[in-house]
Amino acid sequence: MDLFLGKVLVKNNRDRDELDTEREITMKLQNRILMLFFGSWDCERCQEFVPTLKDFYKRLMDEFYVERASQLVLIYVSLDDSEVLQDMLLKKLPKWCLFLQHDDPYKRELGVKFEVHETPTVVVLRPNGSILLPNAVPEIRELGPDCFRHWQEAAEVIDRNFEMHVEFDDKKMRSITDPIRKLKYKVEKKKKRRWFLGGWGGRDEDEDEEEQNGDLCNSGDFKGPWD
C-alpha cells in the first residue's frame with residue numbers, strides 16, 4: 001500500500017519496533033484491509049469505544065479465536081496533545097496494532113485526506129488504498145467481527161489463509177447477497193459530512209445531535225482539528 005511508503009510505522013509492543021523500509025511496510029500491509037483509527041485519550045467517546053475495538057481486533061487476529069490471523073491491520077492515528085496522552089491510549093489498544101509517532105506531521109495529512117471531523121473514526125481501506133468505509137464505528141459496534149467478512153468480500157481481498165482446492169466451473173456460485181453487499185460498500189461521490197459540535201472533546205451522547213449540527217452550520221465560527 002503506497003499510502004505509508006516512506007513513512008515510519010511503530011509496533012505497539014514493549015520495544016516499539018519501527019517499520020521504516022519499503023520492504024517492511026509492503027510485507028506488513030500488502031493484501032490486507034487497513035483500519036485507520038482516529039482518536040484521542042481526552043475524547044470520552046474514544047475511551048468508551050476502545051474496548052469494543054480491541055475485542056473486535058483480537059477476535060479476528062488472535063489465534064485463540066481464529067485458526068489464522070485475518071488479513072487486517074489496525075493503525076492508530078493519534079490526535080492527542082502530548083506523547084504521554086498518546087501512550088495512555090496505546091496501552092488500551094492491542095499490542096499488535098501499529099501507530100504513527102506523535103510528532104509525525106503525516107497524521108494531519110491523513111485527517112484531511114479522509115475528511116475526519118469527529119472521533120472516534122475508523123476509516124476502512126481496501127488493499128489498494130481506496131476507501132471501503134469512511135467511518136466503520138457504528139458497524140463495528142453493531143455487528144462486531146462479523147462485519148469483517150463483508151469487508152473482505154467487498155474489497156475482493158485474496159484470502160491466502162483459507163484457499164479452497166475445489167474449482168467451480170460456474171462462477172455464479174456466490175452468495176445471493178453479493179449484489180446488495182457490493183452496493184452497500186460502493187464508494188459514492190464525496191458528500192459533505194456534518195462536523196460534530198464540540199470538536200475532539202467528549203460530550204454527552206444523549207444530546208440532540210440534530211440541534212448541535214444546526215447550531216454549528218449557523219455559527220460560522222467552528223473549525224475542524226486540521227484547520
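Mentor: A disulfide is counted here where two cysteine sulfur atoms lie within 2.5 Å of each other, and in this predicted model that rule gives a count of zero disulfides.

Trainee: How do you know that the sulfur of C43 is not bonded to its closest cysteine sulfur?

Mentor: The closest cysteine sulfur to that of C43 belongs to C46, at 3.0 Å, and because the cut-off is 2.5 Å, the pair is too far apart for a bond.

Trainee: What makes C43 and C97 buried or exposed?

Mentor: Buried means under 20% relative accessible area; C43 has 0% and C97 has 1%, so both cysteines are called buried.

Trainee: How do you know that the length of helix 2 agrees with the expected span?

Mentor: Helix 2 runs over residues 44-61, and its 18 residues should span 26 Å at 1.5 Å a residue, which agrees with the 26 Å that separates its end C-alpha atoms. Helix 2 nevertheless bends by about 30 degrees at V50, with a proline, P51, following within four residues.

Trainee: Which residues of helix 2 are buried, and what covers them?

Mentor: The buried residues of helix 2 include R45, C46, F49 and V50, as well as L53, F56, Y57, L60 and M61. Among the elements that cover them are strand 3 (33-39), strand 4 (72-78) and helix 3 (83-90), together with strand 6 (121-125), helix 5 (137-143) and helix 6 (146-155). An α-helix has 3.6 residues a turn, so residues three or four places apart point the same way.

Trainee: Why is the pair of F56 and W151 called stacked, tilted or edge-to-face?

Mentor: A search of the whole structure finds seven aromatic pairs. In the pair of F56 and W151 the ring centres are 5.7 Å apart, within the 6.5 Å limit, and the planes meet at 50 degrees, neither under 30 nor over 60, so the pair is tilted. F56 lies in helix 2 and W151 in helix 6, so this pair ties together parts that are 95 residues apart in sequence. Both rings belong to buried residues, with relative accessible areas of 1% for F56 and 0% for W151.

Trainee: What makes the pair of F64 and Y65 stacked, tilted or edge-to-face?

Mentor: The planes of F64 and Y65 stand at 85 degrees, with 5.1 Å centre to centre, and because an angle over 60 degrees counts as edge-to-face, the pair takes that name. F64 is exposed at 68% relative accessibility, over the 50% limit, whereas Y65, at 34%, is partly exposed.

Trainee: What is unusual about phi at R16 and N31?

Mentor: Most residues other than glycine have a negative phi, and most peptide bonds are trans. R16, in the loop between strand 1 (9-11) and strand 2 (18-19), has a positive phi of about 50 degrees, and N31, in the loop between helix 1 (22-29) and strand 3, has a positive phi of about 55 degrees. R16 counts as partly exposed at 31%, and N31 as buried at 14%.

Trainee: How do you know whether the peptide bond from T119 to P120 is cis or trans?

Mentor: Its omega is near 0 degrees, and the bond is cis; P120 is in the loop between helix 4 (106-113) and strand 6.

Technical notes: Residues are numbered from 1 along each chain as its sequence is written. This is a predicted model: local features need pLDDT of at least 70, side-chain atom pairs count only at pLDDT 80 or more; totals for chains, interfaces and linings use all residues. Side-chain values use heavy atoms; hydrogens and water are left out. Helices (H or I, at least four residues) and strands (E, at least two) are DSSP runs, numbered from the N terminus. The expected span of a helix is 1.5 Å times one less than its number of residues. The bend at a residue is the angle between axes fitted to the seven residues ending there and the seven starting there. Buried means under 20% relative accessible area, exposed over 50%, partly exposed in between (1.4 Å probe, protein chains only). Contact means heavy atoms within 4.5 Å. Rings of Phe, Tyr and Trp (its six-membered ring) pair if their centres lie within 6.5 Å; planes under 30 degrees apart count as stacked, over 60 as edge-to-face and the rest as tilted.
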